[in-house]
Amino acid sequence: MQNDLYLDANATSAVLPAAIAKAEQVMRELYGNPSSTHATGLKAKALLDGVRQCAARVLGAGSGRVVFTSGATESIQTAVLSALCALRERRQAGEATGTVLLYGATEHKAVPESLAHWNRVLGMGLELRALPVDANGLHRLDVLRALAPQTALLCTMAANNETGVVSDIAGVQAVLEQTASRAYWMVDSVQALGKLDLNLAATRIDYAPFSGHKLYAPKGVGLLYVRAGAPFTPLMAGGGQEQGNRAGTENMASIAALGAVLSSLEAGDTFRSHAELTLWRDRLAAALTGALPGIVFNTPFAHALPTTLNFSVPGVASKELLDLFDAAGIRVSSGSACSSAKSAPSYVLEAMGLPAWRTSAAVRMSFGPLADAAFIDAACERIARCGEALRASCMFASSDAPVENDGVIQLQHDGALTWLAIDAASRSCAVIDPQPALFDRIGAYVRCQGVQVRAIVATSADGEAACSILRTLLQVAAGDAPVALGNLTLTRVVPAGANACYLLGTSSAPADVQFAFCGAATAAQLATLVHADTILCASRDDQNRICTTLGAEAAVRPAFGAERHLDPQALEQFLAAHPDAVLIDVREPYEHAANGAPCCHGRVAESVPLSRLAGRLQRWLAGEQRPLVFFCRAGNRSARAAQCAHRLGVANAWQMTGGLALGDQVLVPLPMAA
Ligand code: PLP
């Protein structure tokens with residue numbers, strides 16, 4: 001089995017071995033409560049004080065406070081609460097304070113959400129405003145200057161978690177000083193620890209939150225730096241721990257582990273230098289550039305942490321890249337929130353004014369300062385393999401791609417569907433309902449497979465303009481005449497009360513129609529044109545149904561029940577009990593190409609990518625119904641595939657929950673050919 005290459009360090013990190021050892025030692029030997037006055041407690045207290053002193057040195061906290069918390073989110077709450085309570089007191093004392101809570105437009109959501117929460121809870125009625133950033137992701141200091149007199153609390157992160165952009169903190173401070181601002185100032189420093197020099201007490205920063213798990217400490221432990229003299233209100237009251245700053249018995253094992261990380265930082269003997277990290281970033285960037293044609297990096301490297309790369313690839317959605325990298329064992333994250341049908345744009349990249357395709361196709365690759373040259377080499381080698389997998393799957397034009405089988409391919413953009421109908425023998429195809437966002441993809445596919453496009457058609461008048469552009473791009477003639485695709489014919493029909501539909505079959509007699517590209521036509525409008533199992537291919541799929549048939553629309557079938565979802569253990573038992581069961585891998589061809597066909601107990605999975613499912617369903621409907629177990633990377637696509645097959649009448653459809661991500665002990669990829 002291939003090992004994981006974890007390149008998602010900005011999300012979280014593994015725990016430093018020395019930190020694990022320290023946590024274990026504390027749990028075994030130094031388990032005392034630091035508030036106890038006996039020797040066991042005093043030992044724990046000494047440890048706690050030691051870690052705090054080390055943290056203070058690493059952060060350059062001077063005479064400021066360093067409070068242990070559960071992580072950055074709690075530290076942020078504490079800072080915001082402290083500032084707002086102080087503002088309320090100043091107001092009550094008759095002082096005119098600023099009225100704006102100003103936060104950088106690219107802050108982690110924990111910041112604006114905390115501001116809104118405490119503003120509401122405390123009934124402050126302050127105005128929340130986002131401080132815009134420029135195209136490089138840097139705060140607009142001119143806007144800050146204009147807003148500084150009204151600002152009550154300012155929040156500007158040190159380095160961005162999505163892009164790695166390093167803020168101009170000195171520039172922000174200069175504006176606050178020049179405008180004689182009395183605003184409190186929080187700098188979320190989560191992504192800066194271990195990557196940027198910190199000398200907090202030498203700055204005007206009032207509050208700086210940190211999270212241990214972003215730098216090789218466990219989750220659930222963090223720090224808050226509070227400048228000497230800055231107002232402070234505890235978030236948690238109780239037994240007076242942390243000198244009354246944060247009640248609750250301390251999380252000693254995690255604090256000790258964080259201490260081990262901070263000691264390593266201080267000693268300077270464990271983590272890589274900025275220069276080394278920069279070298280590795282450049283090598284990863286070169287590997288990505290070689291593998292992914294047209295790649296654009298979304299952050300100018302000169303303004304970013306060397307450990308974060310954020311990029312977009314034209315014509316390839318972030319979800320697709322994530323699936324591909326995951327198949328190759330490279331763990332990265334999407335720079336934007338995405339669901340199966342739509343990918344939500346990244347608000348961080350939007351704030352930088354990047355075009356929509358880049359904000360919704362972004363991928364973040366991040367590594368930690370513990371990475372070594374062998375790790376970067378391995379990552380570069382796998383990135384190259386991902387590029388080959390994409391080329392072999394016709395995501396980019398390439399001459400060595402295998403010829404696609406006959407069938408129907410479904411491409412999707414924001415819920416709208418484009419269909420390709422292909423006949424491999426005659427190397428011909430038709431494009432139905434092309435979406436402009438998919439033109440590159442269609443063009444790459446057609447060129448790479450060397451197929452002749454016989455027709456480009458739309459099922460609505462609105463789609464005509466797109467067809468006409470694509471016809472020009474691919475040099476295809478317009479026309480309504482039936483088009484031959486091997487021994488099938490694509491025929492235009494206009495059902496009563498509907499727009500045009502295109503029927504694909506050995507003839508246009510209902511019994512011969514295999515696929516109907518039916519736009520928005522209803523079952524009733526199609527009733528006399530197709531048969532019960534003709535695959536109906538609509539122009540939109542907002543409910544993730546993939547396709548349907550008249551039979552499925554009319555049938556009353558039991559729901560796809562919980563018993564049809566098999567976790568890895570249930571899958572083992574199911575396969576043992578059903579030797580005839582067929583495993584169906586619905587991952588896309590490039591994912592397959594990146595790590596080979598998974599196999600279980602000598603059974604090699606059949607590849608039926610979700611995009612090709614509609615083309616395969618009829619054969620399952622017509623054939624003997626052996627149990628089909630669908631699986632994918634995480635279980636979402638296979639659930640859609642199995643539900644679609646079940647709805648259409650495949651009686652024996654099952655799906656593997658958690659997919660290969662959880663079941664990689666059960667479904668093991670076969671070794672790839674050299
Ligand atoms: N701030 C930044 C910049 C972050 O990256 C994160 C975590 O992703 C947080 C705050 C919140 O940290 P935690 O979830 O550890 O509380």
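This is a short tour of a predicted model, going from the whole chain to one helix and one strand residue.

**Whole chain.** Start with the protein chain as a C-alpha trace; along its principal axes it spans about 85 × 55 × 50 Å. Switch to a cartoon to show the secondary structure, which comes to 21 helices and 30 strands. Of the 674 residues, 57% count as buried. Contacts between residues at least 6 apart in sequence join, in 66% of cases, residues at least 24 apart.

**Surface and charges.** Turn on the surface next: the protein chain exposes about 26,300 Å², and carbon and sulfur atoms supply 54% of that area. Then colour by charge. The 53 positive and 58 negative charges have mean positions 3 Å apart.

**Helix 17.** Select residues 568-577, which form helix 17, and show side chains for Pro568, Leu571, Phe574 and Leu575, the buried residues of this helix. They lie on the same side of helix 17, because the arc they cover around the axis is only 110 degrees. An α-helix has 3.6 residues a turn, so residues three or four places apart point the same way. Now add Gln569, Gln573, Ala576 and Ala577; these are exposed, on the other side of helix 17.

**Gln412.** Move to strand 14, residues 407-413, and pick out Gln412 within this strand. Is Gln412 buried or exposed? Its relative accessibility is 24%, so Gln412 counts as partly exposed; the cut-off for buried is under 20%. Finally, select Gln435 as well and draw a C-alpha to C-alpha distance: Gln412 and Gln435 are 8.4 Å apart in space and 23 residues apart in sequence.

Definitions and conventions:
Residues numbered from 1 in each chain as written. Predicted model: local features only at pLDDT ≥ 70, side-chain atom pairs only at ≥ 80, totals over all residues. Heavy atoms only, no water. Helix = DSSP H or I, 4+ residues; strand = E, 2+ residues; numbered from the N terminus. Buried < 20%, exposed > 50% of the residue type's maximum accessible area, 1.4 Å probe, protein only. Arc of directions from axis to C-beta. Contact = heavy atoms within 4.5 Å. Areas by Shrake-Rupley, 256 points an atom, 1.4 Å probe, with all protein chains shown as cover. Lys, Arg positive; Asp, Glu negative; His and termini not counted. Charge placed at Lys NZ, Arg CZ, Asp CG, Glu CD.
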